[in-house]
Amino acid sequence: MATNIAVDHAPTGLVAAEVTRAEQISPNFVRVTLSGDALASWRHLGYDQWFRIALPVSDGTRFDRLSDRFDMRGYLRYLTLPKATRPVIRSYTVREFRPERLELDVDFLTHGTAGVAGPWAASLPVGAPVGLIDQGCGFTAADAARRVLCAGDESAMPAVLGVLRDLPPDSEGDAVIEVADLDDRQPVHAPAGVNVHWIERENDARPGTAALAALRSFRPRSAADAPTSAESGISDFHAFVAGEQQLASGGRKYLVNELGIPKTQVKFCGYWRQR
Ligand SMILES: Cc1cc2nc3c(=O)[nH]c(=O)nc-3n(C[C@H](O)[C@H](O)[C@H](O)COP(=O)(O)OP(=O)(O)OC[C@H]3O[C@@H](n4cnc5c(N)ncnc54)[C@H](O)[C@@H]3O)c2cc1C
């Protein structure tokens with residue numbers, strides 16, 4: 001899937017944890033709380049920190065033969081493991097990490113019966129073992145410019161809310177979050193200068209289309225007010241766009257090709273693909 005986010009492996013390798021709570025928190029989200037002593041070594045980065053999660057698919061699922069890294073080598077090794085007993089691997093975002101309790105929350109969108117991770121979370125799998133491989137952040141503290149623009153569909157809601165939570169308090173800008181149901185909205189902890197726009201998707205609309213349209217209506221204020229990037233202070237602007245593939249790549253194209261924002265200042269990632 002299209003992205004310019006570099007994968008960054010922490011030395012922790014594969015971290016074992018167990019589901020200790022699972023709760024339907026809104027119409028389309030289940031919050032799964034993972035706990036375990038191994039989380040004592042978890043590298044907490046904040047923002048949109050993400051990880052690979054190895055999920056059990058049967059009672060016979062084995063985690064012991066997984067690699068510590070999920071790079072090309074780790075992936076190829078994974079493919080050699082017997083299908084019947086290897087876990088399913090998916091990518092998710094740290095919603096909250098509580099080091100004092102060794103707890104990590106993950107908000108899973110339950111997008112129907114297709115796939116593995118969504119239905120697994122919907123089954124409220126308390127007691128299930130999982131494995132986590134930390135993959136770092138897309139939007140890092142180094143990207144925390146004074147002006148920001150974030151956009152995502154609900155799969156990226158945990159990531160956008162994490163970025164907003166961890167921005168410096170004097171940040172300004174806008175964030176667009178598209179959801180299927182406004183009841184999926186969550187409390188936002190963001191700098192006072194960042195306006196958060198929740199958009200409810202029309203029934204049957206392609207996910208991400210409304211967020212992309214809203215993103216296209218924004219211009220970094222200083223860029224619109226000045227004719228050249230040198231004068232405009234574009235250097236102080238960073239964007240984060242994630243979610244359905246067309247939202248991520250369309251958002252990047254608009255910001256880079258049409259507005260002339262340098263590529264390095266636009267972090268984007270296709271989180272899933274509508275089939
Ligand atoms: C870096 C990163 C961080 C992510 N963080 C989160 C997170 O915190 N929370 C979260 O919910 N998701 C997150 N995602 C997205 C998640 O990894 C995908 O949605 C994943 O495909 C779900 O796996 P699955 O087994 O449920 O479905 P899959 O087996 O991958 O797909 C099965 C079917 O479901 C459809 N599908 C998959 N995802 C969605 C969706 N979001 N909406 C509608 N239909 C879908 C597919 O098109 C396919 O038809 C993240 C992805 C990345 C890359």
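Which element supplies the largest share of the shell around the ligand? Strand β4 does, with four residues. (Strands are DSSP E runs of at least two residues, helices H or I runs of at least four, numbered from the N terminus.)

This is a predicted model: local features need pLDDT of at least 70, side-chain atom pairs count only at pLDDT 80 or more, and totals for chains, interfaces and linings use all residues. Residues are numbered from 1 along each chain as its sequence is written, and side-chain values use heavy atoms, with hydrogens and water left out.

Start with confidence. The pLDDT (the predictor's confidence in each residue, from 0 to 100) averages 93 over the protein, and 95% of the residues score at least 70. Residues 225-232 fall below 50. Beyond near neighbours in sequence, that stretch has five contacts in the model, a contact being heavy atoms within 4.5 Å. Where pLDDT is low, the predicted coordinates should not be read in detail.

Now the ligand. Around it are 20 residues, each with a heavy atom within 4 Å. Arg90, Ser91, His111, Val116 and Arg273 come nearest. β4 (88-93), β6 (103-109), α2 (117-122) and β12 (266-272) each supply at least two residues of the shell.

Next, the polar contacts (pairs of N or O atoms within 3.5 Å). A backbone atom of Val116 lies 2.7 Å from a ligand oxygen. Side-chain atoms reach ligand nitrogen atoms too: one of Thr93 at 2.8 Å, one of Trp272 at 3.5 Å. On its own the ligand has 920 Å² of accessible area, of which the protein covers 85% (Shrake-Rupley method, 1.4 Å probe).

Finally, Arg252. This residue is in helix α7 (residues 245-258). Not counting residues up to four places away in sequence, Arg252 touches Asn257, Lys263, Val266 and Phe268.

Key: A polar contact is a pair of N or O atoms within 3.5 Å; within protein, one must be able to donate a hydrogen and the other to accept it, and residues adjacent in sequence count only if both atoms are side-chain atoms.
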